[in-house]
Amino acid sequence: MPSFETIIIGAGPNGLAAAHRLASKGASVLVLEAAASAGGGAGLAHLSYNLDPRVENAMGLAAHGLEWAEPNLATTALSPDGNHLRLEGPVGERLFGDISDADRAAWATLRARLLRFAAVLAPLNQMTPPRIAKGVGNPMLKLAMIGIKARMMGAKDFRELGRILLTNAHDLLDDELADPRLKGALAFDATLGGWLGPRSPNSVLPWLVRLSGQTAGKPGALGLPKGGMAALGAAMARAVVAKGVTIRCNARVARVLINGERVVGVALEGGEELSAARVVASVAPKTTLLSLVGARHLDAGLVTRARHQKTRGGAAKLHLTLRGLPDFKGADPKDRLIIAGSEHDVERAFNPVKYGRVPERPGLEIMISTAHEPRTDGKHHLSAIAQFAPHAPSDRDAARAEMLAACLAQLEAHAPGIGGLVEGAEILMPYDIEDRYGLPGGQWHAGELSVEQMLFLRPLPGIAQYQGPVPGLWLASAGCHPGGGVSGSAGWNAALAMEAAG
Ligand SMILES: Cc1cc2nc3c(=O)[nH]c(=O)nc-3n(C[C@H](O)[C@H](O)[C@H](O)COP(=O)(O)OP(=O)(O)OC[C@H]3O[C@@H](n4cnc5c(N)ncnc54)[C@H](O)[C@@H]3O)c2cc1C
């Protein structure tokens with residue numbers, strides 16, 4: 001085995017993005033991946049909302065096979081009586097359905113405001129968080145520029161941004177809108193991937209972060225790649241290999257090797273040791289610090305902070321194989337279909353999860369990929385993100401069975417007869433996701449994206465600039481700023497930080 005300057009742990013979107021950037025600057029890079037194939041959580045995902053344009057363009061993903069089956073999915077907020085609401089264009093630019101003129105006008109105003117605010121925050125995704133303790137330097141200046149940009153929106157918008165950042169999604173929606181279907185779908189979006197309900201404090205900021213993403217150059221748009229999100233992961237892997245990077249799968253790192261207080265390489269499960277001057281951990285920071293590095297190499301304060309980092313996942317993933325195409329009471333099966341009920345139902349689905357229990361009526365984000373790309377055998381594949389699901393129930397098997405039954409009941413209420421079409425069903429609970437993908441708690445962002453764990457507090461105060469606590473160790477996963485999604489942003493930012501450090 002040749003020796004490499006840099007070893008990257010984890011071939012998820014961030015590990016691959018970092019590998020590409022480092023290799024294109026001349027580094028020799030080995031990526032070690034525990035699973036049998038590269039792509040990580042891209043295989044868990046079912047649509048794209050924040051693929052970083054720097055990553056997409058510099059990696060030449062189109063040349064490596066990325067094609068969009070649909071770059072701008074419409075959303076249908078399903079109603080059990082068939083009185084659906086359809087949102088077309090990015091973030092529901094156009095509303096179709098039986099809804100009052102007052103709500104149409106209020107949504108147009110609110111949408112425009114949210115997108116303006118998201119655009120102000122978007123540059124944050126592409127920067128290293130400032131080191132507050134030092135308080136100087138380029139990142140601090142960039143942060144100041146964003147503050148100035150926010151102020152330039154005018155006094156009214158600036159005040160409003162401050163107000164909504166401190167409020168919760170429920171109150172914001174309730175202030176502006178009346179239609180429960182619209183408020184339900186938006187409350188579902190605002191809390192997707194989080195461990196918070198719409199009434200939880202500060203639930204607007206993570207929503208704005210989500211809205212700051214883009215697909216195919218359209219802010220807020222949602223895209224479905226041809227072949228699904230796994231195909232996007234595969235395109236990233238091909239781009240990386242084309243840059244001369246070696247990806248070794250079925251290679252689980254057991255330990256980061258440290259000698260004389262410096263990282264010197266890694267040890268794989270099975271005992272093989274590989275040396276490198278730089279190790280980039282693109283797996284969750286909590287796992288990196290507490291398992292791969294180990295408490296004895298860290299100061300006690302950092303160990304305590306790492307143990308306290310919040311990594312509760314609240315999303316389950318459902319996969320159904322169906323004999324035929326289900327009928328969601330006339331909804332277009334190519335749409336992203338949302339079962340959320342009202343904003344109150346979204347909160348009700350979160351409540352039991354706080355106590356480790358399964359909600360009676362989970363919300364669902366449904367994609368039927370085979371409506372876009374039919375299978376030759378006429379069967380269909382339905383995937384759904386189900387919220388909320390407990391990450392630590394007292395009985396895992398019972399909770400999994402209960403969650404599957406609750407999801408199927410929700411589907412049946414909106415697409416009568418779907419139960420009779422089911423040939424195969426699998427649900428991954430947050431703890432299954434942790435076991436399969438290594439995301440602690442099954443957490444979407446490898447660490448909750450809550451206000452107290454964002455920007456210079458992410459993943460933890462003191463190590464928010466991608467540089468790990470031991471010389472030679474770097475952090476690059478979604479657990480770092482700016483968080484998760486199949487974006488590659490954290491990995492790209494980390495590689496830029498490594499370049500800046502020389
Ligand atoms: C239920 C659910 C649904 C989601 N749906 C979407 C979606 O539709 N769209 C979207 O954009 N995002 C979605 N996400 C979020 C997205 O999957 C993650 O945020 C993203 O994958 C994080 O990328 P990453 O590269 O940081 O980490 P990961 O993708 O988790 O990659 C880390 C890699 O490291 C490997 N690994 C772990 N430990 C080791 C080790 N010790 N040695 C070697 N390798 C190791 C893992 O196998 C994995 O391949 C979803 C998340 C969840 C939980």
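Q: What makes the pairing of E33 with an oxygen atom of the ligand a polar contact?
A: A polar side-chain atom of E33 lies 2.6 Å from that oxygen. A polar contact is a pair of N or O atoms within 3.5 Å (within protein, one must be able to donate a hydrogen and the other to accept it, and residues adjacent in sequence count only if both atoms are side-chain atoms). The E33 pair therefore qualifies. The model is predicted: local features need pLDDT of at least 70, side-chain atom pairs need 80 or more, and totals for chains, interfaces and linings use all residues. Numbering starts from 1 along each chain as its sequence is written, and side-chain values use heavy atoms, without hydrogens or water.

Q: Which part of W444 faces an oxygen atom of the ligand, side chain or backbone?
A: The backbone: a polar backbone atom of W444 is 2.7 Å from a ligand oxygen. For N14, an N or O atom in the side chain is 2.8 Å from a ligand oxygen.

Q: How much of the ligand does the protein cover?
A: On its own, the ligand has 1,000 Å² of accessible area (Shrake-Rupley method, 1.4 Å probe). The protein covers 96% of that.

Q: How many residues surround the ligand, and what are their classes?
A: There are 32, each with a heavy atom within 4 Å of the ligand. The closest are N14, E33, G41, L47 and W444. The shell splits into 19 nonpolar, 11 polar and two charged residues. Here Ala, Val, Leu, Ile, Met, Phe, Trp, Tyr, Cys and Pro are nonpolar, Asp, Glu, Lys and Arg are charged, and the others, Gly among them, are polar.

Q: Why is α3 called roughly perpendicular to α5?
A: The axes of α3 (residues 101–121) and α5 (residues 155–166) cross at roughly 85 degrees and come within 11 Å. Angles from 65 to 115 degrees count as roughly perpendicular, so α3 and α5 fit the term.

Q: Which residues of α3 and α5 meet?
A: R113, L114, R116 and F117 in α3 meet D157, E160, L161 and I164 in α5. Contact means heavy atoms within 4.5 Å. By class, four are nonpolar, none polar and four charged.

Q: What makes N250 stand out?
A: Most residues other than glycine have a negative phi. N250 is not a glycine, yet its phi is positive, about 55 degrees. N250 sits in the loop between β10 (246–248) and β11 (253–259).

Conventions
Axes are lines fitted to C-alpha atoms, for helices over the stretch in contact, and angles run from 0 to 180 degrees between N-to-C directions. Helices (H or I, at least four residues) and strands (E, at least two) are DSSP runs, numbered from the N terminus. Angles under 35 degrees count as roughly parallel, over 145 as roughly antiparallel, 65 to 115 as roughly perpendicular and the rest as oblique.
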